[in-house]
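Grab a pencil and work through these exercises with the structure open beside you. Try each task before you read its solution.

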Amino acid sequence: MPPLLSWTIAVLIGVAIWKIGIASIRSFSPKPGEQKHELEDVESLEVSFVCVECGTELRVRRLGELQVPRHCGEKMKVIQGSGT
Ligand SMILES: [Zn+2]
């Protein structure tokens, strides 16, 4: 094998590995402006969080990562279809 050809192949392999490495790093980190979790539109489902202590009701319009919020130190109750 001529030395020039083996060098070319070596460079091409190096570039390929580098490109794969960059692509895998990019797939792990979210792009700017891109949401980590897909937002679910739940406005039509009439989902609300209600505080069992004081009765404060929070209407959920969009749901990202499901995490029950706290109010008055207690976890809020999830209700669906409050009727209002
Ligand atoms: Zn409360």
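Glu46 is a good place to start: with 14 C-beta neighbours inside 10 Å, this residue counts as partly exposed. Keep in mind as you go that you're looking at a predicted model.

**Exercise 1. Place Glu46 and explain its label**

Task: find where Glu46 sits, say why it counts as partly exposed, and check its phi.

Solution:
- Step 1. Look between β1 (40–41) and β2, and you'll find Glu46 in that loop.
- Step 2. A residue needs 20 or more other C-beta atoms within 10 Å to be buried, and 12 or fewer to be exposed. Glu46 has 14, so the label is partly exposed.
- Step 3. Now the backbone: phi of Glu46 is near 55°, which is positive even though the residue isn't glycine.
- Step 4. Why look twice at that? Most residues other than glycine have a negative phi.

**Exercise 2. Another positive phi**

Task: do the same for Cys72: which loop holds this residue, and is Cys72 buried or exposed?

Solution:
- Step 1. Cys72 belongs to the loop that links β5 (70–71) with β6 (74–75).
- Step 2. Count 11 other C-beta atoms within 10 Å, and Cys72 comes out as exposed.
- Step 3. The phi of Cys72 is near 55°, again a positive value in a residue that isn't glycine.

**Exercise 3. Walk along the chain**

Task: how many helices and strands does the chain have, and in what order do they run?

Solution:
- Step 1. Tally the elements: 1 helix and 7 strands.
- Step 2. Start at the N terminus and read α-β-β-β-β-β-β-β.
- Step 3. Take the helix, α1 (residues 3–28): its 26 residues reach 38 Å from the first C-alpha to the last, close to the 38 Å expected at 1.5 Å a residue.
- Step 4. Of those 26 residues, the number buried is 0, so α1 lies largely in the open.
- Step 5. Zoom out to the chain: buried residues make up 0% of its 84 residues.

**Exercise 4. Build the sheet**

Task: in what order do the 3 strands of the open sheet lie, and which are the edge strands?

Solution:
- Step 1. The order is β3-β2-β7, with antiparallel pairing.
- Step 2. The edges are β3 (57–60) and β7 (77–80), since each one pairs on one side only.
- Step 3. From one strand to the next, the twist averages 30°.
- Step 4. Strand β2 (residues 47–50) is held to β7 by 4 bridges, and 4 bridges also join β2 to β3.
- Step 5. Now pick partners. Phe49 has Val78 as its bridge partner in β7, and in β3 Phe49 stands opposite Leu58.
- Step 6. Move to Ser48, and the residue opposite in β7 is Ile79.
- Step 7. A handy rule for reading a strand: in a regular one, side chains alternate between the two faces of the sheet.

**Exercise 5. Round the hairpin**

Task: how many residues lie between the strands in the hairpin of β2 and β3, and what does Val52 touch?

Solution:
- Step 1. The hairpin has 6 residues between its strands, and Gly55 takes a positive phi near 85° there.
- Step 2. Val52 is also in the loop between β2 and β3.
- Step 3. With 12 C-beta neighbours inside 10 Å, Val52 counts as exposed.
- Step 4. Leave out residues up to four places away in sequence, and Val52 touches Glu74 and Lys77.
- Step 5. Val52 and Lys77 are 25 residues apart along the chain, yet their C-alpha atoms are separated by 6.8 Å.

**Exercise 6. Far in sequence**

Task: what separates Gly81 from Leu45 in sequence and in space, and Glu43 from Arg59?

Solution:
- Step 1. Gly81 is in the segment after β7, and its 9 C-beta neighbours inside 10 Å make this residue exposed.
- Step 2. Gly81 and Leu45 are 36 residues apart in sequence but 6.9 Å apart in space, C-alpha to C-alpha.
- Step 3. Glu43 sits in the loop between β1 and β2 and, with 12 C-beta neighbours inside 10 Å, is exposed.
- Step 4. Glu43 and Arg59 are 16 residues apart along the chain, with 8.3 Å between their C-alpha atoms.
- Step 5. For the chain overall, take contacts between residues at least 6 apart in sequence: 38% of them join residues at least 24 apart.

How values were computed:
Residues are numbered from 1 along each chain as its sequence is written. This is a predicted model: local features need pLDDT of at least 70, side-chain atom pairs count only at pLDDT 80 or more; totals for chains, interfaces and linings use all residues. Two strands pair if DSSP finds at least two bridges between them. Helices (H or I, at least four residues) and strands (E, at least two) are DSSP runs, numbered from the N terminus. Axes are lines fitted to C-alpha atoms, for helices over the stretch in contact, and angles run from 0 to 180 degrees between N-to-C directions. Two residues are in contact if their C-beta atoms, placed from the backbone, lie within 7 Å. The expected span of a helix is 1.5 Å times one less than its number of residues.
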